[in-house]
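Here are some worked exercises to try with the model open beside you. Have a go at each task before reading its solution.

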Amino acid sequence: MREKLKALAELQNVDLEVASLRKAADVHPRQIAELERELGVARSAIEAERARVSDMEKQKAQLEQNITDEKDKVKKWETRLSEQRSTREYSALAREIDIAKKANLTMAEELAELTKQLGGAREAIKGKEADYATKQQGLSGRMTELRGKLGEAESQVKGLEGRRAEVASSVDATLLRRYEVVRKKKLPAMVGVVAGTCQGCNMNVPPQLYNQLRTGLGTDICPSCNRIIYAVEALQETPAASK
Ligand SMILES: [Zn+2]
């Protein structure tokens, strides 16, 4: 009985190792996805900034056009001013010119402010693009690293699968069948019973069943979680004492 138990325990160790490797390897695709998401966020930030700059450029062009138009108007009016004979008309036009010039001054100030803001926004894009490039570089390095780890884990799993086949061949056929069924739902599929408590579900097994496990050193099924159970004493004994 003990030998059967030991063989199955060894098989389960292989399965647990494979499961933990797979679990660890699972983290890598998620990390890659997270890095890609971060990069996407950085990309969107740059695009938003670019749209803002493009808006400001349009505003600036419009403002420049307005200033040119106003200046042309003032020039025309000034020519007309020199041709004025009537004092009343002269002073009316002179006032218009004054107003237009003041408006132009305001627009020129606005243009200067906009130009300054535009310069700042362009610098900000440069900074963000540098950040993005750094992030991208980091990401590709990290991806290579993660892919390497993934490949490593896969080859370890492959190695373990070979060993598993070997170990499985020495497990009792009936026990193996049962184990394979439980393992698909629960791992570990075989657990010890310590002081009457199943280590898989922490429920007490019926005292009679526990006694049977201890005296027979065999296996049974936990009535609560359906795992294969055995008395831990069965595996704890020294090999010489049990045979
Ligand atoms: Zn249980």
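**Exercise 1. How do the axes of α1 and α3 lie to each other in this predicted model?**

Solution. Start with the two values that describe the pair: the axes of α1 and α3 come within 11 Å of each other and cross at roughly 30°. Next, compare the angle with the cut-off: angles under 35 degrees count as roughly parallel. The helices α1 and α3 are therefore roughly parallel. Finally, look at the handedness: α1 passes α3 in a right-handed crossing.

**Exercise 2. Work out how α1 and α2 pack, and say what kinds of residues make up their contact.**

Solution. First find the two helices: α1 covers residues 2-82, and α2 covers residues 87-168. Their axes are 5 Å apart, and the packing angle is about 165°. Now apply the cut-off for direction, by which angles over 145 degrees count as roughly antiparallel. It follows that α1 and α2 are roughly antiparallel to each other. The crossing in which α1 passes α2 is left-handed. As for the residues of this contact, 42 are nonpolar, nine are polar and 29 are charged.

**Exercise 3. Take D55, T68 and G120 in turn: in which helix is each found, and how far is each from a chosen partner in space?**

Solution. Begin with D55, which is found in helix α1. Its relative accessible area is 44%, so D55 is partly exposed. D72 lies 17 residues away along the chain, and the C-alpha atoms of D55 and D72 are separated by 26 Å.

Move on to T68, also found in helix α1. With 40% relative accessibility, T68 counts as partly exposed. Its partner here is V27: the two are 41 residues apart in sequence, and from C-alpha to C-alpha they are 62 Å apart.

Now turn to G120, whose place is in helix α2. G120 has 40% relative accessibility and so counts as partly exposed. Although G120 and V53 are 67 residues apart along the chain, their C-alpha atoms are separated by 9.6 Å.

**Exercise 4. Is Q208 buried or exposed, and where is it placed?**

Solution. Locate the residue first: Q208 sits in helix α4. Then check its relative accessible area, which is 61%. Since exposed means over 50%, Q208 is exposed. To place Q208 in space, pick G196, which is 12 residues away along the chain; the C-alpha atoms of this pair are separated by 9.8 Å.

**Exercise 5. Which residues coordinate the zinc ion, and what is the geometry of the site?**

Solution. List the donors: the SG atoms of C198, C201, C222 and C225 coordinate the zinc ion, at 2.2 to 2.3 Å. Then read the spacing of these donor residues in sequence, C-x2-C-x20-C-x2-C. For the geometry, consider the angles among the four donor atoms, which run from 103 to 113°. Four donors count as tetrahedral if all angles lie between 85 and 135 degrees, and the zinc site is indeed tetrahedral. It helps to recall that the ideal angle for four tetrahedral donors is 109.5 degrees. One more check concerns accessibility: both C222 and C225 are buried.

**Exercise 6. Inspect the backbone at P188, L217 and N226: what is the peptide bond or the phi value there?**

Solution. Take P188 first. The peptide bond from L187 to P188 is cis, with omega near 0°. P188 belongs to the loop between α3 (173-183) and β1 (190-194).

Next comes L217, a residue other than glycine with a positive phi, near 55°. L217 is placed in the loop between α4 (207-216) and β3 (220-221). Its relative accessibility is 15%, so L217 counts as buried.

End with N226, where phi is positive, about 65°, although the residue is not a glycine. The loop that holds N226 lies between β3 and β4 (228-231). At 46% relative accessibility, N226 counts as partly exposed.

Conventions
Residues numbered from 1 in each chain as written. Predicted model: local features only at pLDDT ≥ 70, side-chain atom pairs only at ≥ 80, totals over all residues. Heavy atoms only, no water. Donors = N, O, S within 2.8 Å, 3.2 Å for Na, K, Ca; no water. Tetrahedral: all angles 85-135°; square planar, octahedral: opposite > 155°, others 65-115°. Buried < 20%, exposed > 50% of the residue type's maximum accessible area, 1.4 Å probe, protein only. Axes fitted to C-alpha atoms, helices over the stretch in contact; angles between N-to-C directions. Helix = DSSP H or I, 4+ residues; strand = E, 2+ residues; numbered from the N terminus. Parallel < 35°, antiparallel > 145°, perpendicular 65-115°, else oblique. Left-handed = near helix turned anticlockwise from the far one by under 90°. Nonpolar A, V, L, I, M, F, W, Y, C, P; charged D, E, K, R; others polar.
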